[in-house]
Amino acid sequence: MHSDPTGVFPGRYSDGQTAQSVPADVRLTERGVEIGFPGAPQALVWPYGALGAATPLTSKSADALLTYSFMPGATVFVGDAHFVRALTKVAPQLTSSAYGWRSARPWIIAAACLALLFAGLWLAELSPARWVAGMLPDKARAAVGEQVVNSMVGDRKECTAPEGRAALDRLVDRLSQASGTGTRFKVRVVDWGLLNAFAVPGEQIVLTRAIITQAKSPEEVAGVLAHEMGHGLELHPETSIVRVIGLTAALELMTGGGGALANIGLGLTQLTYTRVAERQADARGLALLEKSQIAASGLVDFFRRLGELESKRGSSTEWNIFRTHPESGERAKSAAARPTYPTRPALEAQDWQALRAICGAVKPEPSGDKL
Ligand SMILES: [Zn+2]
């Protein structure tokens, strides 16, 4: 193909949005590369300084595939050596010698790649922390989880009454299976009067004695468990820990380094989630309940009562489920709006009694909140 004497080169233009390309008349003008379309009055003009080339151009290149910084995805292809030679004179940054200059400064490229990576993550609505959390090996997640549990639980006793434990395991298995991920959650109960439930890295969940004794039905415990499993499945605990320890320490964890672990010393206050995360955990939790044929009403009731208590007490300084789970009322509303489905009891009556006594005989909470 040879050039038109008037300086019009036949090319193909693609807007990057649709799969097809269209014929275009390409000209080199004072303002930049002009891309005209047969029958269309308006032409595009891509200034030379903002042009890019898919491959560096040389004086021997037979064609050029050009990009334009301000129209990501759009390309124009011209299969004409004359065009390429003329273009390299007005846009020298497209030549291979210019690329050689760039490769002499690899850190510029590295920085650009990193910027692109983060821009991509941002565009995908993922945070770098979430991305790193997803790369952590299971062993590292489990080890970090253990550490969080230990630092929070302190000297408090773990409740392990065998019958209560067996009942809890049955409920946890049922909900874990519903996740369809082959993940079996590890749930522990701690002899603690604070109303709380939390997910920690490595598919681990801690329930306090108060959550179990204040629940009015096994469905309420199942609802709290399902919500916390939702956090675990979404890697929320891992993500917030990566945010806290920083990406560098997380990378150390990722590659199996143990050094970062020793210094984490994490508290649960660092495991509070955003509103978006809470909604994701709810959505996951409600799906788990439905798949396990457990009524969502337990979750709804429990959170509704929590919401009432929350508004009565105002803002609490205690670290408890009220602080980590804001907007209980809104959550209860959205859960209640879901369609109903066939259900069976979360636990048989006998198992429920056993679970309630997992920390020993149930006695009234001395200063416990009346739910
Ligand atoms: Zn939550």
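How many aromatic pairs does the count come to? I obtained four aromatic pairs, taking rings of Phe, Tyr and Trp (its six-membered ring) as paired if their centres lie within 6.5 Å, with planes under 30 degrees apart counted as stacked, over 60 as edge-to-face and the rest as tilted.

I note that this is a predicted model, in which local features need pLDDT of at least 70 and side-chain atom pairs count only at pLDDT 80 or more, whereas totals for chains, interfaces and linings use all residues. Residues are numbered from 1 along each chain as its sequence is written, and side-chain values use heavy atoms, with hydrogens and water left out.

Entry on the rings. I looked up Y13 and F37, whose ring centres are 5.2 Å apart with planes at 70 degrees, so the pair is edge-to-face. Y13 belongs to strand β1 (residues 8-14) and F37 to the loop between β3 (33-36) and β4 (44-46), so the pair ties together parts 24 residues apart in sequence. Strands (E, at least two residues) and helices (H or I, at least four) are DSSP runs, numbered from the N terminus. I recorded Y13, F37, W46 and Y68 as one aromatic cluster.

Entry on the disulfide. I found one disulfide, defined as a pair of cysteine sulfur atoms within 2.5 Å. It joins C159 to C359, S to S 1.9 Å. The torsion about the S-S bond of C159 and C359 is about 100 degrees, so this disulfide is right-handed. C159 lies in the loop between α5 (138-153) and α6 (162-179), and C359 in the segment after α15 (349-356), 200 residues apart.
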